[in-house]
Amino acid sequence: MGASYDKLWHLLIDCHMSKTQLIKEAHISTNAMAHLGKNEDVRVEVLVKICNALSCEVDDIMEISHK
């Protein structure tokens, strides 16, 4: 079981926003972005910051895979 952030990448494309822009807008570290890119665990605080920056909910940017 793990997290998948595919929804986040699709949302960034829809918003015409780069990962670098998201880092700046959400005030998250490049390390946190690297973890997201590898579908690794990140702190809930990081997810909240991203949701605030994108005006969305957590389920809009991630899903739990049961594989």
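Ser55 is exposed, with a relative accessible area of 69%. The cut-off for that word is over 50%, so Ser55 qualifies. Ser55 is found in the loop between helix 4 and strand 2, residues 63-65. Its phi is positive, about 55°, although Ser55 is not a glycine. Most residues other than glycine have a negative phi. This is a predicted model, and the values here are computed from it.

**Other positive phi angles**

His16 also has a positive phi, near 55°, and is a residue other than glycine. His16 sits just after helix 1, in the loop between helix 1 and helix 2. Is His16 buried or exposed? His16 is exposed, with a relative accessible area of 72%. Asn39 follows helix 3, and its phi is positive, near 55°.

**The whole protein**

Now step back to the full chain. The protein has four helices and two strands. Read along the sequence, the pattern is β-α-α-α-α-β. A strand therefore stands at each end of that pattern, with the helices between.

How does the radius of gyration compare with that of a compact globule? For 67 residues, a compact globule would have a radius of gyration near 11 Å. The protein has 11 Å, which agrees. Along its principal axes, the C-alpha trace spans about 30 × 25 × 15 Å.

Buried residues make up 33% of the 67 residues. The accessible surface comes to about 4500 Å². Carbon and sulfur atoms hold 52% of that surface. Consider next the contacts with a sequence separation of 6 or more. Residues 24 or more positions apart account for 62% of them.

Charge comes next. The protein has 7 positive and 10 negative side chains. The centres of the two sets lie 7 Å apart.

**Helix 1 and helix 3**

In helix 1, residues 6-14, the residues Leu8, Trp9 and Leu12 are buried. They cover an arc of only 100° around the axis, which puts them on the same side of helix 1. An α-helix has 3.6 residues a turn, so residues three or four places apart point the same way. On the other side of helix 1, His10, Ile13 and Asp14 are exposed. What do the buried residues of helix 1 pack against? They pack against helix 2, helix 3 and helix 4.

Helix 3 covers residues 30-37, and its residues Ala32, Met33 and Leu36 are buried. Seen down the axis, the buried residues of helix 3 fall within an arc of 100°, so they line one face of the helix. What covers them includes helix 1, helix 2 and helix 4.

**Leu22, a buried residue**

Leu22 lies in helix 2, residues 19-26. Leu22 is buried, with a relative accessible area of 0%. Which residues does Leu22 contact, leaving aside neighbours within four places in sequence? The list is Leu8, Leu12, Met17, His27, Met33, Ile50, Ala53 and Leu54. Two of these names, Leu8 and Leu12, are among the buried residues of helix 1. Met33 is one of the buried residues of helix 3. Ala53 is 31 residues from Leu22 along the chain, yet their C-alpha atoms are separated by 7.6 Å.

**Lys49 and Arg43**

Lys49 is in helix 4. At 30% relative accessibility, Lys49 counts as partly exposed. Not counting residues up to four places away in sequence, Lys49 touches Ala26, His27 and Ile28. His27 is also in contact with Leu22. Between Lys49 and Glu25 there are 8.8 Å in space, C-alpha to C-alpha, and 24 residues in sequence.

Arg43 lies in the loop between helix 3 and helix 4. Arg43 is exposed, with a relative accessible area of 59%. Arg43 and Leu8 are 35 residues apart in sequence and 15 Å apart in space, C-alpha to C-alpha.

The table gathers the relative accessible areas.

| Residue | Relative accessible area | Class |
|---|---|---|
| Leu22 | 0% | Leu22 buried |
| Lys49 | 30% | Lys49 partly exposed |
| Arg43 | 59% | Arg43 exposed |
| Ser55 | 69% | Ser55 exposed |
| His16 | 72% | His16 exposed |

Technical notes. Residues numbered from 1 in each chain as written. Predicted model: local features only at pLDDT ≥ 70, side-chain atom pairs only at ≥ 80, totals over all residues. Heavy atoms only, no water. Rg over C-alpha atoms; globule rule 2.2 N^0.38 Å. Buried < 20%, exposed > 50% of the residue type's maximum accessible area, 1.4 Å probe, protein only. Contact = heavy atoms within 4.5 Å. Areas by Shrake-Rupley, 256 points an atom, 1.4 Å probe, with all protein chains shown as cover. Lys, Arg positive; Asp, Glu negative; His and termini not counted. Charge placed at Lys NZ, Arg CZ, Asp CG, Glu CD. Arc of directions from axis to C-beta.
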